[in-house]
Amino acid sequence: MPGTTPQKWVAAWRDRTDVPLELVHAPVTDQLTLIRAGDVDMGLVRLGERPHDLHAIPLYTETTVVVVPADHVLTAVDEVSTDDLEGEVVIRTLDDPLTWQSHPGQPAVGPPPDVAGAVELVAAGVGLLVVPQSLARLHHRRDLTYRPLTGAPTSTVQLAWHPDRADERTETFVGV
């Protein structure tokens, strides 16, 4: 899944076992479908909460940030609150990894399908973007920056798998 960092778990897996490990990149919108369908054994997924039909172990919770043009007024502060976004256009993606009760700011017209497209819109001056910090880092550009956002939901990266397909390899990877 975009923004996750599987390197340390892959390295530990390879140190502990000779069983090959194949990584598959999946868009956020497909991550749970692939696990449920059995197309992948496990997944690093970004969730607000664990789906009832899957097993999942929380690995870490990400800081939520607002991505802004480098010359935006919000760059004058170290931290932004959702109240500071009042009156700002906030771009929402179709694959938004955050679960909002109430979105801050004003919505942009026509949401882009993913974070990469939204970052392009921020750079074009269309609006701002709220995402987990790892996605802001992944799509970093010199003309954009980001600030931590208080009052926003967070996203937890979890290791998830379907309980009906768990086996010895699953238990070994969970141990990693």
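For the description of the pocket lining below, Ala, Val, Leu, Ile, Met, Phe, Trp, Tyr, Cys and Pro are taken as nonpolar, Asp, Glu, Lys and Arg as charged, and the others, Gly among them, as polar. With these classes in hand, the lining of the largest pocket in this predicted model divides into 19 nonpolar, 5 polar and 5 charged residues.

The pocket itself is a good place to begin a tour of the structure. The largest pocket holds about 700 Å³ of space, and 29 residues line it. Nearest the centre of this pocket lie Leu21, Glu22, Leu23, Val24 and Met42. Two or more lining residues come from each of helix H1 (7-16), helix H2 (31-37), strand E1 (42-47) and helix H5 (168-175). Of these contributions, the largest share belongs to E1, with 4 residues.

Strand E1 leads from the pocket to a sheet. Here, 3 strands form an open sheet in the order E1-E9-E2, and their pairing is antiparallel. At the edges stand E1 and strand E2 (55-62), each of which pairs on one side only. From one strand to the next, the twist averages 25 degrees. Within this sheet, E2 and strand E9 (residues 155-161) run antiparallel and are joined by 7 bridges. A helpful landmark for the eye is Thr61, which stands opposite Thr156 in E9.

Helix H5 links the two parts of this picture. Besides giving residues to the lining of the largest pocket, H5 lies across E1, E2 and E9. The helix runs at about 150 degrees to E9.

A further set of pairings involves strand E7 (residues 128-132). This strand is mostly covered, with 5 of its 5 residues buried; buried here stands for under 20% relative accessible area. E7 pairs with strand E3 (residues 64-69) in the antiparallel sense, over 4 bridges, and Val67 stands opposite Leu129 in E7. With strand E5 (residues 89-91), in contrast, E7 pairs in the parallel sense, over 2 bridges. In that pairing, Val90 stands opposite Leu128 in E7. Strand E7 therefore takes part in an antiparallel pairing with E3 and a parallel pairing with E5, two strands counting as paired if at least two bridges are found between them.

How values were computed:
Residues numbered from 1 in each chain as written. Predicted model: local features only at pLDDT ≥ 70, side-chain atom pairs only at ≥ 80, totals over all residues. Heavy atoms only, no water. 1 Å grid on protein atoms, 1.4 Å probe; cavity = no way out; pocket = protein on both sides within 12 Å on 5 of 7 lines; lining within 4 Å. Points joined across faces, edges and corners; volume = space filled by probe spheres on them. Axes fitted to C-alpha atoms, helices over the stretch in contact; angles between N-to-C directions. Contact = heavy atoms within 4.5 Å. Buried < 20%, exposed > 50% of the residue type's maximum accessible area, 1.4 Å probe, protein only.
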